[in-house]
Amino acid sequence: MSNLNLHHLRLFRAVAREGNLTDAARSLNISQSAVSTQIRTLEAALGHDLFDRVGRTLQLTEAGRIALDHADEIFRAADHLTATLDRAEGQRRVLRIGALATLSRNFQMRFLEPLLGRDDVEVVLRSGTQESLLRRLEALSLDVVLTNLVPARDAGSPYLVRRLDEQPVSLVGTPARRSSGGVEQLLADNPLILPTPETALRAGFDAMVDRMGIVPRIAAEGDDMAMLRLLARADVGLAVIPPIVVKGELESGILVELERLTGITEVFFAVTMRRRFPNPLIKDVLP
């Protein structure tokens, strides 16, 4: 294992990306034989074959796929180390942000406002599940995770959770669905577009209609706020949604906020890690 080094891993990633030695050697500007020799050295160090030859191409073995995942994490960590410990004056800085795939895009844009238009900052955005984003945060490939789900924490948890915002939730629909009745009448008369049952927002809504004694007519369910917005625009029904999600449609009049749902809100959080050298850009978005 002492022979394992970043140079071997860099060659390995190039071969995995290109699928053959010739193209990998060309991209690295070294000889094909040198690439082949270094790959064999890496395989010997790891004790596993990393590629299977299929025709003229090289395909990753199961061990190869595992090695590639770890190699990617290693190079991301190396990039982060360099950026953190060797910041030259005026150097372009990078903030890596992960956001829950279902999170409001409008909220994300508002979070990014302090950085937008700055020549010295590059913003890298990643979306995914809560589990995958927190793994990336722990692996130092993300600086902050935006979510509306509080991660499980205990005394040994490495996470720092900051409450960013709390948004009201409303019944939103096309102007044709306006009614002189209140919330209960709207719920009784219209099909509904709802978040999926596992969301905190849906739990609050279900408790509300249960107290009212109303059995809602569900036209559609979704865990993607962007899709709920499109369904509301298509007049499939009334959407139970934070107005920030449909800010543009409300301003243009395509959709209207019919009634505010008292007692139901969506809370947004920023999750970071306890780190000795935190990214200084975090202070710009989390004052």
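# Legends to the close-up views

**Figure 1. Aspartate 235, with a relative accessible area of 32%, is partly exposed.** The view is taken from a predicted model, as are the views that follow. Aspartate 235 belongs to the loop between H9 and E9. The relative accessible area of 32% lies between the limits of 20% for buried and 50% for exposed residues, and aspartate 235 is therefore assigned to the class in between. The backbone of this residue has a phi near 60 degrees, which is a positive value in a residue other than glycine. Most residues other than glycine have a negative phi.

**Figure 2. Glycine 237 is a buried residue of the loop between helix H9 (225-233) and strand E9 (238-241).** The relative accessibility of glycine 237 is 0%, and the residue therefore counts as buried, the limit being 20%. The C-alpha atom of glycine 237 lies 6.7 Å from that of glycine 173, although 64 residues separate the two in sequence. When residues up to four places away in sequence are not counted, glycine 237 is in contact with Val172, Arg177, Pro191, Ile193 and Ala232. The loop that holds glycine 237 also holds aspartate 235, but aspartate 235 is partly exposed.

**Figure 3. Valine 240 in strand E9 is buried.** Its relative accessibility is 0%, so valine 240 falls in the buried class. Between valine 240 and isoleucine 193 the C-alpha separation is 6.3 Å, with their positions 47 residues apart along the chain. Residues up to four places away in sequence being left aside, valine 240 touches Val169, Ser170, Leu171, Ile193, Leu194, Pro195, Leu201, Phe205 and Leu261. Ile193 is thus among the contacts of valine 240, and it is also one of those listed for glycine 237.

**Figure 4. The rings of phenylalanine 12 and phenylalanine 51 form a tilted pair.** There are 2 aromatic pairs in the chain. In this one, the ring centres are 5.6 Å apart and the planes meet at 55 degrees; the pair is tilted because this angle is neither under 30 degrees nor over 60. Distant parts of the chain are linked here: phenylalanine 12 comes from helix H1 (residues 6-18) and phenylalanine 51 from strand E1 (residues 51-54), 39 residues apart. Both phenylalanine 12 and phenylalanine 51 are buried.

**Figure 5. The rings of phenylalanine 107 and phenylalanine 268 are stacked.** Their centres lie 4.0 Å apart and their planes are at 15 degrees, which is under the limit of 30 degrees, so the pair counts as stacked. This pair, too, links distant parts of the chain, with phenylalanine 107 in helix H5 (residues 105-112) and phenylalanine 268 in strand E10 (residues 256-273), 161 residues apart. Phenylalanine 107 has a relative accessibility of 4% and counts as buried. Phenylalanine 268 is buried as well, with a relative accessible area of 0%.

**Figure 6. Alanine 139 and leucine 140 lie in the loop between helix H6 (130-138) and strand E5 (144-147).** Alanine 139 is partly exposed, its relative accessible area being 25%. Leucine 140, at 30% relative accessibility, also counts as partly exposed. The phi of leucine 140 is near 70 degrees, a positive value in a residue other than glycine. From alanine 139 to glutamine 185 the C-alpha atoms are separated by 50 Å, and the two residues are 46 positions apart along the chain.

**Figure 7. Alanine 188 is a partly exposed residue of helix H7 (residues 183-189).** Alanine 188 is placed in this class because its relative accessibility is 46%, which does not pass the limit of 50% for exposed residues. The C-alpha atoms of alanine 188 and proline 216 are separated by 6.8 Å, while their positions lie 28 residues apart along the chain.

**Figure 8. The chain as a whole contains 11 helices and 10 strands.** The C-alpha trace spans about 80 × 50 × 40 Å along its principal axes. The radius of gyration is 25 Å, whereas a compact globule of 287 residues would have a value near 19 Å. Buried residues account for 42% of the 287 residues. Of the contacts with a separation of 6 or more, 73% join residues 24 or more positions apart.

Methods. Residues numbered from 1 in each chain as written. Predicted model: local features only at pLDDT ≥ 70, side-chain atom pairs only at ≥ 80, totals over all residues. Heavy atoms only, no water. Helix = DSSP H or I, 4+ residues; strand = E, 2+ residues; numbered from the N terminus. Rg over C-alpha atoms; globule rule 2.2 N^0.38 Å. Buried < 20%, exposed > 50% of the residue type's maximum accessible area, 1.4 Å probe, protein only. Contact = heavy atoms within 4.5 Å. Phe/Tyr/Trp six-rings, centres within 6.5 Å; stacked < 30°, edge-to-face > 60°.
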